[in-house]
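Work through the exercises below with the sequence and the model in view. Each task is followed by a solution in steps.

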Amino acid sequence: MTQEEKLHIEERIVEVLKTVYDPEIPVDIYSLGLIYKIDLQDDGTLDVDMTLTAPGCPAADFIMEDVRLKLDTLEGVKSSNVNLVFEPEWDKSMMTEEARIELGFD
């Protein structure tokens, strides 16, 4: 895949991640800063490292499956590996400014 194709697919990955929500929070996981790594290989293999707002999040399985299913539908993504990580620990400073405003933190 060319660098231009890769960039286009990565943009679509971000768009898709912005459609995934924690059912208890009205802001998408990308804007919350829960996505730590997006690594698309030239063969279409995608590795995503993400975290949760809290380690004991009751919606963890639902969110992870939603991410995986949506990423696997993208043209150019052969397979996706979604890894749940807790380092570094998530905090509110990782959110976009828009997310902080939406949640009343600014």
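**Exercise 1: the strand pair**

Task: find how β1 and β2 pair, and over how many bridges.

Solution. β1 and β2 run antiparallel and are joined over five bridges; two strands pair if DSSP finds at least two bridges between them. Helices (H or I, at least four residues) and strands (E, at least two) are DSSP runs, numbered from the N terminus. Next, take Ile35: its bridge partner in β2 is Met50. Then look at the hairpin, where four residues lie between the strands and Gly44 has a positive phi near 90°.

This is a predicted model, in which local features need pLDDT of at least 70 and side-chain atom pairs count only at pLDDT 80 or more, while totals for chains, interfaces and linings use all residues. Residues are numbered from 1 along each chain as its sequence is written, and side-chain values use heavy atoms, with hydrogens and water left out.

**Exercise 2: a buried acid**

Task: locate Asp22 and state what its side chain reaches.

Solution. Asp22 sits in the loop between α1 and β1. Asp22 is buried (under 20% relative accessible area, 1.4 Å probe, protein chains only). Asp22 has no salt bridge, that is, no side-chain nitrogen of Lys or Arg within 4 Å of a carboxyl oxygen of Asp or Glu. The nearest side chain of opposite charge, Lys70, is 13 Å away. The Asp22 side chain does reach the backbone nitrogen of Glu24, at 2.8 Å. Leaving out residues up to four places away in sequence, Asp22 touches (heavy atoms within 4.5 Å) Ile29, Thr53, Cys57, Ala59 and Ile63.

Methods. Buried < 20%, exposed > 50% of the residue type's maximum accessible area, 1.4 Å probe, protein only. Lys, Arg positive; Asp, Glu negative; His and termini not counted. Polar contact = N/O pair within 3.5 Å; in protein donor to acceptor, adjacent residues only side chain to side chain.
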